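Work through the following exercises with the sequence and the model open beside you. Try each task before reading the solution beneath it.

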Amino acid sequence: GKRKDMAGGEYIGLKECGAAPNCFCSTDSIEDSPDTNIPPFKWDTSKLSSSQDAFQQLHEVVKGYQPGQSNIDGGGFNIVTFDPEAGYIYVQFESLKNGYVDDLEFAVINKEDNVVQVRSASRLGYLDFGVNAKRINYLANALREKGWDAPGVLLETHQGYAEENRVTSF
């Protein structure tokens with residue numbers, strides 16, 4: 001559905017990432033923003049019959065997230081919004097040492113398909129040193145184990161991000 005940005009303007013999808021290499025969003029244009037665009041996640045319609053069922057499973061996967069995995073998000077996380085009816089989850093993750101907060105969103109934009117849009121972004125700073133890619137990939141791996149099509153962030157398609165953040169894997 002429609003959302004409002006900080007200035008009150010409406011948009012469909014999730015907020016675009018911008019120029020900093022510290023964000024990924026599946027609704028960013030692959031033509032305009034190849035370094036921030038990632039594929040959306042898709043649930044297996046033979047196992048989950050509705051977006052509500054998919055968001056219940058997605059919620060379980062998020063709740064099972066391990067703070068400190070890959071040396072990130074050691075400060076834990078908080079599920080701020082969980083609305084399976086609307087097809088929306090908003091989570092805040094916190095770094096261990098500095099208390100930086102990052103935002104993660106999952107949203108169904110079109111109720112007629114089995115697609116979940118994904119956005120993970122740092123609030124502060126320019127670089128994220130691979131944190132958002134590692135977070136997305138951890139969740140994508142857990143979803144793939146449940147039959148989802150969840151590619152995550154691939155090194156071969158996000159070389160610019162990896163080079164700017166000085167990371168060789170995520």
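**Exercise 1. A charged residue in a loop**

In which loop is D28 found? Locate the residue, then describe its surroundings.

*Solution.* Bear in mind throughout that this is a predicted model. Begin with the position: D28 sits in the loop that runs between strand 3 (23-25) and strand 4 (41-42). Next, look for a partner of opposite charge: D28 is buried but has no salt bridge, and the nearest side chain of opposite charge, that of R119, is 6.2 Å away. Since a salt bridge requires the nitrogen and the carboxyl oxygen to be within 4 Å, turn then to the backbone, where the nitrogen of C17 lies 3.3 Å from a polar atom of the D28 side chain. Finally, list the contacts, leaving aside neighbours within four places in sequence: D28 is in contact with K15, E16, C17, S33, T36 and N37.

**Exercise 2. A network of charges**

Which residues do salt bridges that share partners join into one network? Trace the network pair by pair.

*Solution.* A search of the whole structure finds 4 salt bridges. Take D73 and R135, whose side chains meet at 2.7 Å, N to O. D73 lies in the loop between helix 1 and strand 5 while R135 lies in helix 2, so this pair ties together parts that are 62 residues apart in sequence. Now take D102, which forms a salt bridge with R135 with the closest N and O atoms 3.0 Å apart. Because D102 belongs to strand 7 (residues 101-107) and R135 to helix 2, this pair links parts that are 33 residues apart in sequence. The shared partners thus join D73, D102 and R135 into one network. As for accessibility, D73 is buried at 4%, R135 is buried at 0%, and D102 is buried at 9%.

**Exercise 3. A salt bridge within a helix**

How many residues apart are K63 and E60 in helix 1? Describe the pair and its accessibility.

*Solution.* The two residues are 3 residues apart in helix 1, which is about one turn of the helix. K63 and E60 form a salt bridge, with the closest N and O atoms 3.2 Å apart. K63 counts as partly exposed at 43% relative accessibility, and E60 likewise counts as partly exposed at 45%.

**Exercise 4. A hairpin**

Which residue takes a positive phi in the hairpin of strand 5 and strand 6? Establish the pairing of the strands before answering.

*Solution.* Strand 5 (residues 76-83) and strand 6 (residues 88-94) run antiparallel and are joined by 7 bridges. Across this pairing, D83 stands opposite Y88 in strand 6. There are 4 residues between the strands, and in this hairpin G87 has a positive phi near 70°.

**Exercise 5. Aromatic rings**

What are the distance between the ring centres and the angle between the ring planes for Y161 and F170? Classify the pair, then find an aromatic cluster elsewhere in the list of residues.

*Solution.* The search of the whole structure finds 8 aromatic pairs. The ring centres of Y161 and F170 are 5.6 Å apart and their planes stand at 75°, so the pair is edge-to-face; the angle that this class requires is over 60 degrees. Y161 is buried, with a relative accessible area of 2%, whereas F170 is partly exposed, with a relative accessible area of 22%. As for the cluster, Y65, F77, F93 and Y138 form one.

Note on methods: Residues are numbered from 1 along each chain as its sequence is written. This is a predicted model: local features need pLDDT of at least 70, side-chain atom pairs count only at pLDDT 80 or more; totals for chains, interfaces and linings use all residues. Side-chain values use heavy atoms; hydrogens and water are left out. Two strands pair if DSSP finds at least two bridges between them. Buried means under 20% relative accessible area, exposed over 50%, partly exposed in between (1.4 Å probe, protein chains only). Lys and Arg count as positive and Asp and Glu as negative; His and the chain ends are not counted. A polar contact is a pair of N or O atoms within 3.5 Å; within protein, one must be able to donate a hydrogen and the other to accept it, and residues adjacent in sequence count only if both atoms are side-chain atoms. Contact means heavy atoms within 4.5 Å. Rings of Phe, Tyr and Trp (its six-membered ring) pair if their centres lie within 6.5 Å; planes under 30 degrees apart count as stacked, over 60 as edge-to-face and the rest as tilted.
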